[in-house]
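Here's a quick tour of a protein model for someone who spends more time at the bench than at the screen. Have a look at the fold before reading on.

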Amino acid sequence: MVGLKSSTPLPIRRAIDLAHKQHAKELSLRQGGATLNLHLTQIPPEVLQLDQLERLDLSHNTLQSLPETLHRMSRLQVLDIRNNPIRTLPDGPLPGLIVDSLQLELWGDLFRNRSLHGLQVLPRHKKYLNA
């Protein structure tokens, strides 16, 4: 992944590259984290290449959709998308989503007629998932 031209901001590319090198099972690109202070509007394409990930935290960003290619992350079990203004979900299978209670109310139509194995709904005020 190093050396690839990308529009992904450098701090995020570094976090992704480190996760790749360490074969990390978890990656946090949570807005407001200790090292990342960027509002992601989309999932960086480099993240979708991290097929070893089991947990991905994208909470507190400004994501409006999830990519159709998300299903390619075959080991992904937990995807934290709390506090994002997501308007569309991909048609394919989704990993265990973590959403907040307000999102669930707002996204009622998005979830209708979907199999959402592993869906976790947390109260709006809870900031971290105990894993």
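What follows covers the overall layout, the nonpolar core, the salt bridges and one arginine.

First, some housekeeping. This is a predicted model, where local features need pLDDT of at least 70 and side-chain atom pairs count only at pLDDT 80 or more, while totals for chains, interfaces and linings use all residues. Residues are numbered from 1 along each chain as its sequence is written, and side-chain values use heavy atoms, leaving out hydrogens and water.

**Layout.** The chain has three helices and five strands, in the order α-β-β-β-β-α-α-β along the sequence. Those elements are DSSP runs numbered from the N terminus (helices: H or I, at least four residues; strands: E, at least two). Of the 131 residues, 40% are buried. Here, buried means under 20% relative accessible area, exposed over 50%, and partly exposed in between, with a 1.4 Å probe and protein chains only.

**Core.** The largest nonpolar core holds 26 residues, and among the members touching the most others are Leu27, Val47 and Leu56. Helix H1 (10-21) and strand S4 (96-100) each give two or more residues to this core, and H1 provides the largest share, three residues. A nonpolar core is a set of buried Ala, Val, Leu, Ile, Met, Phe, Trp, Tyr and Cys residues joined through side-chain atoms within 4.5 Å.

**Salt bridges.** The structure holds three of these, each needing a side-chain nitrogen of Lys or Arg within 4 Å of a carboxyl oxygen of Asp or Glu.

| Pair | Closest N to O |
|---|---|
| Lysine 21 and aspartate 17 | 3.3 Å |
| Glutamate 54 and lysine 25 | 3.7 Å |
| Aspartate 80 and arginine 82 | 2.6 Å |

Lysine 21 and aspartate 17 sit four residues apart in H1, so about one helical turn separates them. Lysine 21 is exposed at 55% relative accessibility, whereas aspartate 17 is buried at 14%. Glutamate 54 lies in the loop between S1 and S2 and lysine 25 in the loop between H1 and S1, so this pair ties together parts 29 residues apart in sequence. In the remaining pair, aspartate 80 is buried at 5% and arginine 82 is buried at 1%.

**Arginine 30.** Which side chain of opposite charge is nearest to this buried residue? That's aspartate 57, 4.3 Å away, and arginine 30 has no salt bridge. Arginine 30 lies in the loop between strand S1 (26-28) and strand S2 (55-57). Its side chain does make a polar contact with the side chain of histidine 60, at 3.1 Å. A polar contact is a pair of N or O atoms within 3.5 Å; within protein, one must be able to donate a hydrogen and the other to accept it, and residues adjacent in sequence count only if both atoms are side-chain atoms.

Terms used: Lys, Arg positive; Asp, Glu negative; His and termini not counted.
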